[in-house]
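Trainee: I've got a new model open and I'd like to talk through how it's packed. Can we start with the basics?

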Amino acid sequence: MKFKLLVLDVDGTLLNNAKEISRRTLASLLKVQQMGVRIVLASGRPTYGLMPLAKALEFGNYGGFILSYNGCQVINAQNGEVLFERRINPEMLPYLEKKARKNNFALFTYHEDTIFTNNQEDEHIQSEARLNNLKVIKEEEFSTAIDFAPANVCW
């Protein structure tokens, strides 16, 4: 049987404990792509945070796909074309914000190279920002500040 597609979970499979691709894994995956197998990077991370991995895997040369935001977006990494996208209706944001405040949760979403949040001191949000090389912007009135349809909203 000849395989044509290899789907890798980024943080659970591809990366080691230091959140890096080992040299041996990288060499193996480059060889697999030379043999004609396409790779899909699957993650809950934002697309921006996965782009350095796609570059390291040379998706620009071999093709490959990014399945980001837990499946809310599929990108052709060779040309950046969005193949599939599911966004949250911005009208849902006040409801989500109310629930987060009621339960004392930090609320955040991604947009390009930025995390928007109602609590920039939250350790999980800071960790997410470092992991994906994102800027953090605090928005006191989260639901009114978000003027785009987010791919996901987390708490």
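Mentor: Sure, one term before anything else: contact means heavy atoms within 4.5 Å. This is a predicted model, where local features need pLDDT of at least 70, side-chain atom pairs count only at pLDDT 80 or more, and totals for chains, interfaces and linings use all residues. Residues are numbered from 1 along each chain as its sequence is written, and side-chain values use heavy atoms, leaving out hydrogens and water.

Trainee: Leaving aside neighbours within four places in sequence, which residues is L57 in contact with?

Mentor: Skip the neighbours within four places, and what remains is L14, I21, L26, L29, L30, Q33, L41 and Y62.

Trainee: Which helix or strand gives the most to the largest nonpolar core?

Mentor: A nonpolar core is a set of buried (under 20% relative accessible area, 1.4 Å probe, protein chains only) Ala, Val, Leu, Ile, Met, Phe, Trp, Tyr and Cys residues joined through side-chain atoms within 4.5 Å. The largest has 16 residues, with L57 among those having the most contacts inside it. Helices (H or I, at least four residues) and strands (E, at least two) are DSSP runs, numbered from the N terminus. At least two residues each come from α1, β2 and α3, and the top giver, with three, is α3.

Trainee: Where do the buried residues of α2 sit around its axis?

Mentor: The buried ones are L29, L30 and Q33. Their arc, taken from the directions from the helix axis to the C-beta atoms, covers only 100°, so they lie on the same side of α2.

Definitions and conventions
Buried means under 20% relative accessible area, exposed over 50%, partly exposed in between (1.4 Å probe, protein chains only).
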